[in-house]
Amino acid sequence: MEHIRIGNRLDVSRIGLGTWAIGGWMWGGTDEARSIATIRAAIERGVTLIDTAPVYGFGRSEEILGKALAAPGLRAQVSIASKVGVAWKDGRPYRDASPAHIRREIEASLRRLRTEVIDLCQVHWPDPDTPLEQTARTLEQLRAEGKIRLIGVSNYDAQQMEAFRAIAPLASVQSPYNLFERQIEAEVLPYAARTGLTVLSYGALCRGLLSGTMTSERTFAGDDLRNVDPKFRGARLRQYLEAVAALDALARERFGKPVLALALRWVLERGATIALWGARSPEQLDPIGQVEGWHLDADTMADIEAILARCAAQPVAPDFMAPPVRSAVEPAARGAA
Ligand code: NAP
């Protein structure tokens, strides 16, 4: 398994397990036993970074992760990346990166995760209702208190990261990044390269689109976010599936690999990146060995670009996932610190 250092301190695998789906919420529910088996299978296969967040399943993802890591010796084998800055009320999330809320969240996360320290604590979304300096200062205090090891941000732009770094040391940024969602190439990726931040790429499989098993007949249960994801609808879905088929043919012909391996490999070839893989069953992790030990040459990169230009000419960003800001949910928060 390839490794990378986050913040010059934390040595982790370049494939990280993402546990949003394991929380169930917005993914049509969860199965605890299968989720625990998935987490343990990832560790057996060499994954040493697991990403979660309080809002995933409103605590459920962290709870399940805590349970999975409670088996003797497992916690010491992995680094936990969790988040702060999204609250919820009556099952509806909203951004809140205020000092008081962050402190409450950290205590709750440590309890659910059954751990004494969170290895990488990321601000989940920028919160325009809280001065960024207050968020950064609170995280720096938590680091000094030993409750978190490293600080990261998520869904931040370059300007927000620059302001944050003036107050607290930043180790990483987590952003949407995959073959079909490349908005961060304009600013965030170059900024991270310039300033030595590790990039945790979320949705590396574009919510399963790049797994190679998606079809236009597939239906999604309950609150699965793919029911509202514009990529999974009508003509746009057909266009993405056409791109997946062409990428799969290219990967098989040139490297003897499936499109899933190509998609993850592509993320790993883009700099100091980690690919977060949202697997929900041990079997989904079976292809993990196929991601390692090879590289994409310049000709293949150019051929990939040509396929994307031809088949995914009008890409859509994953903006539909962004939670509302606090002042939209609680008007009293407007202007509050
Ligand atoms: P993803 O990894 O692109 O896709 C996850 C989905 O892909 C799974 O639910 C599964 O869907 C499918 N899949 C995975 N392996 C497969 C396989 N071998 N064969 C077939 N299908 C497979 O999306 P993601 O979970 O949204 O992103 C990864 C992680 O990034 C998350 O878990 C979370 O930790 C993080 N994330 C962070 C943010 C943020 O704002 N910071 C936002 C999104 C995600 P099925 O249901 O079809 O099995």
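Here is a short chat about the ligand and the pockets in this predicted model.

Q: What should I know before I start reading?
A: In this predicted model, local features need pLDDT of at least 70 and side-chain atom pairs count only at pLDDT 80 or more, while totals for chains, interfaces and linings use all residues. Residues are numbered from 1 along each chain as its sequence is written, and side-chain values use heavy atoms, with hydrogens and water left out.

Q: How many residues surround the ligand?
A: A residue counts as near if one of its heavy atoms lies within 4 Å of the molecule. Here 30 residues surround the ligand, and the closest are Asp51, Arg207, Arg226, Gly278 and Arg280.

Q: Which polar side-chain atom lies 2.8 Å from a nitrogen atom of the ligand?
A: A polar contact to a ligand is a pair of N or O atoms within 3.5 Å. That one belongs to Ser154. Oxygen atoms of the ligand are also met, by the side chain of Asp51 at 2.6 Å and by that of His124 at 3.4 Å.

Q: Where is empty space left?
A: Rolling a probe the size of a water molecule over the atoms shows that. A pocket is an open set of points on a 1 Å grid over the protein atoms alone, where a 1.4 Å probe fits, with protein on both sides within 12 Å along at least five of seven lines; lining residues have an atom within 4 Å of a point. The second largest pocket has 17 lining residues, with Asn155, Tyr156, Pro176, Gln183 and Ile184 nearest its centre.

Definitions and conventions:
Polar contact = N/O pair within 3.5 Å; in protein donor to acceptor, adjacent residues only side chain to side chain.
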